[in-house]
Amino acid sequence: MKKMFALVLAVLMVAALLAGCGSSTAETKAPETTAAPAPAATEAAAPAETEAAAPAFTTIESGKLIMSTNAAFPPYEMVADDGSLEGIDVEIAGAIAKKLGLELVVDDMDFDAALLAVQQGKSDIVMAGVTVNEDRKLVMNFSDTYSKGVQVVIVKEGSDVTLDNLGDQMIGTQRGTTGYIYTSGDYGEDHVTAYDNGASAVQALANGQVDCVVIDSAPAQAFVEANPGLTILDTEYTSEDYAIGLNKDNTALLEAINGALKELTEDGTIPAIVEKYIPTK
């Protein structure tokens, strides 16, 4: 009987030992079960990697860079003989678009409308010999300067108009430009007549409707060459910086454009474009 009891007790102890081993195995497998979601976490990370690879900026229309301008400001923007648009701003914008992998689309309109288009989200950039000033900084962002502008005074040959007596004259300008802003601020709006474009202002001068025209030196030279009997005063009226205007909310595009401008300046592309239209020799 004792032997039988001992045998039963031994069997029970072995069973208990085996049960203990089974419990230990279950606990070892448990961490493997909790670690199973790891592949799902890897899959969830995939969209983040996709987003990082996407362009850092956006444009109004995917794949395009829409530029608003006023194509009556040679040599910065003008209409070619075949009806296409050309000029310093058009070529620089084209180089920027190519650098950013975009197609350039140029919309020609009045100068004021070109400025508003960017503010209202109808164009990505405005380039029209746009000068940076404090009032414009309130409603749009500006790129780094890509060109320097000088405001000059066009008069008829033999005219007695000078910078000293400019306030006694009737001054013609292009509407919305810094030429208008500066002269109306210096001499009052009663002494300034604004026209839709520079060509109209110069025509008014030729017709005797105004005594002089204040405008950027580059288009001034083009207008004088095309209109015999006109000349430019030796002393400049003021100097200014030209930059690209962008919507206040699109800071990512601003950064991308500044990066492109830097590269295009360093590799000689922008200096070559300016030299093409405004030779220094």
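**View 1. Nonpolar residues dominate the count in the lining of the largest pocket of this predicted model.** The lining divides into 8 nonpolar residues, 1 polar residue and 1 charged residue. The pocket holds about 170 Å³ of space. Its lining residues are Pro-74, Pro-75, Met-78, Ala-218, Gln-221, Ala-222, Glu-225, Tyr-277, Ile-278 and Pro-279. Helix 8, residues 217-226, gives the largest share of this lining, with 4 residues.

**View 2. A cis peptide bond joins Pro-74 and Pro-75.** The omega angle of this bond is about 5 degrees. Pro-75 sits in the loop between strand 1 and strand 2, the latter spanning 78-79. Both prolines also belong to the lining of the largest pocket. Met-78 is another residue of that lining.

**View 3. The largest cavity encloses about 120 Å³ of space.** Seventeen residues are not all shown by name here; of the 17 that line the cavity, the closest to its centre are Phe-73, Gly-129, Gln-151, Thr-177 and Thr-178. The count of cavities of 30 Å³ or more comes to 1. By class, the lining has 6 nonpolar, 8 polar and 3 charged residues.

**View 4. Helix 6, strand 10 and strand 12 each supply at least two residues of the cavity lining.** Helix 6 covers 178-187. Strand 10 covers 212-216, and strand 12 covers 238-242. The largest share, 3 residues, comes from strand 10.

**View 5. Five strands form an open sheet with mixed pairing.** The strand order is 4-1-5-13-6. Strand 4 (103-108) and strand 6 (141-142) are the edge strands. Each of these two pairs on one side only. Helix 3, residues 88-99, packs on the sheet. This helix touches strand 1 (64-69), strand 4 and strand 5. The direction of helix 3 makes about 165 degrees with that of strand 1.

**View 6. Strand 5 and strand 13 pair in the antiparallel sense.** Strand 5 spans residues 125-126, and strand 13 spans residues 245-246. Their pairing runs over 2 bridges. Within it, Val-126 of strand 5 has Gly-245 of strand 13 as its bridge partner.

**View 7. Residues 1-54 stay under a pLDDT of 50.** The model has 0 contacts beyond four places in sequence for this stretch. Where pLDDT is low, predicted coordinates should not be read in detail. For the protein chain, the mean pLDDT is 84. A pLDDT of 70 or more is reached by 80% of its residues.

Methods
Residues are numbered from 1 along each chain as its sequence is written. This is a predicted model: local features need pLDDT of at least 70, side-chain atom pairs count only at pLDDT 80 or more; totals for chains, interfaces and linings use all residues. Side-chain values use heavy atoms; hydrogens and water are left out. On a 1 Å grid over the protein atoms alone, a cavity is a set of points where a 1.4 Å probe fits but cannot get out, and a pocket is an open set with protein on both sides within 12 Å along at least five of seven lines; lining residues have an atom within 4 Å of a point. Grid points are joined across faces, edges and corners, and a volume is the space filled by probe spheres set on the points. Ala, Val, Leu, Ile, Met, Phe, Trp, Tyr, Cys and Pro count as nonpolar, Asp, Glu, Lys and Arg as charged, and the others, Gly among them, as polar. pLDDT is the predictor's confidence in each residue, from 0 to 100. Contact means heavy atoms within 4.5 Å. Two strands pair if DSSP finds at least two bridges between them. Axes are lines fitted to C-alpha atoms, for helices over the stretch in contact, and angles run from 0 to 180 degrees between N-to-C directions.
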